[in-house]
Amino acid sequence: MCGRYASSRRPEDLAGIFEIEKWEPEEALAPDFNVAPTKEVYAVLDRPVKDAEDPAPVRQLRTLKWGLVPSWSKTPEGGARMINARAETVHEKPSYRRAFTSRRCVIPADGYYEWVTGSGERELEVEGKKKRPRKQPYFVTPADGSVFAMAGLYEFWRDKTLPDEHPLAWWVTCTVITTEAENSPLAVAPDEGPRSLADIHPRMPLMLTPDRWDAWLDPSRTDVEDLRPLLEPPPHGLMRAYPVSTAVSNVRNNGPELLKELEGPEEGTLF
């Protein structure tokens, strides 16, 4: 899954990486090393500019709320639970299928955090035989230092309790698509601990390599069978993972120190 990630790149840098044609400086976000659900996040999308004479899609860097609210929802309360959409079923689930065919985006990140979940531990927790232990967080990021481009969807929701001219009348929200975690060796693995992403968690965000960005963002591509190949996982061996401080487990903590690599798992943590 993806429940927390880091995003520290400036909008000017993202504009160059993704060939952004339009972004609003007043929407710039501060670097965030502990992005959590319901926060405002950057998303890259191709969409016509409102009130423009030319209806052609324009590549934009937009600020959206993380946690998708379907257009048909009566309230936005479920958005915090819809931070992830599974690649295997995104084309058929009522909450995501319309966005999948027409409102796809890329959510840029430095990488994402994941906490080790052992199979034996999960079984004991389900049976209520064991208290939840302190888990070791890992930061997963491209080994070459490039941007981690997560496949996402976005949606519009109208708050009918507010007048049209109200600045909060429309919500624009997003979700991150996830896929099965790689079980092949990491490009760079820690000295002790997991050797693959699947050793950390069974799911991972779907990373889009640059050769897929244009096709994924193209709103003219609406055929489900044409789009589904874009959900295939990227080539193996692109990622590295390393242990970081358990301070990241508290969403109130935020700063570049959260990305500092530890020599090994913290004492008292799992794995």
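**Exercise 1.** What percentage of the 271 residues of the protein count as buried?

*Solution.* Begin with the origin of the model, which is predicted, so that local features need pLDDT of at least 70, side-chain atom pairs count only at pLDDT 80 or more, and totals for chains, interfaces and linings use all residues. Residues are numbered from 1 along each chain as its sequence is written, and side-chain values use heavy atoms, with hydrogens and water left out. Next take the term: buried means under 20% relative accessible area, exposed over 50%, and partly exposed in between, with a 1.4 Å probe and protein chains only. By this rule, 49% of the 271 residues are buried.

**Exercise 2.** Find how the radius of gyration of the protein stands against the value for a compact globule.

*Solution.* The radius is taken over C-alpha atoms, and the globule rule is 2.2 Å times the number of residues to the power 0.38. For 271 residues this gives a value near 18 Å, and the protein, with 19 Å, agrees with it.

**Exercise 3.** Describe the aromatic pair that Tyr112 and Phe148 form.

*Solution.* Rings of Phe, Tyr and Trp (its six-membered ring) pair if their centres lie within 6.5 Å, and planes under 30 degrees apart count as stacked, over 60 as edge-to-face and the rest as tilted. The search of the whole structure finds eight aromatic pairs. In the pair of Tyr112 and Phe148 the centres lie 5.7 Å apart with 45° between the planes, which is tilted. Tyr112 lies in strand E8 (residues 111-115) and Phe148 in strand E10 (residues 148-158), so the pair ties together parts that are 36 residues apart in sequence; strands are DSSP runs of E with at least two residues, numbered from the N terminus. Finally, Tyr112 is buried at 2% relative accessible area, and Phe148 is buried at 0%.

Notes
Helices (H or I, at least four residues) and strands (E, at least two) are DSSP runs, numbered from the N terminus.
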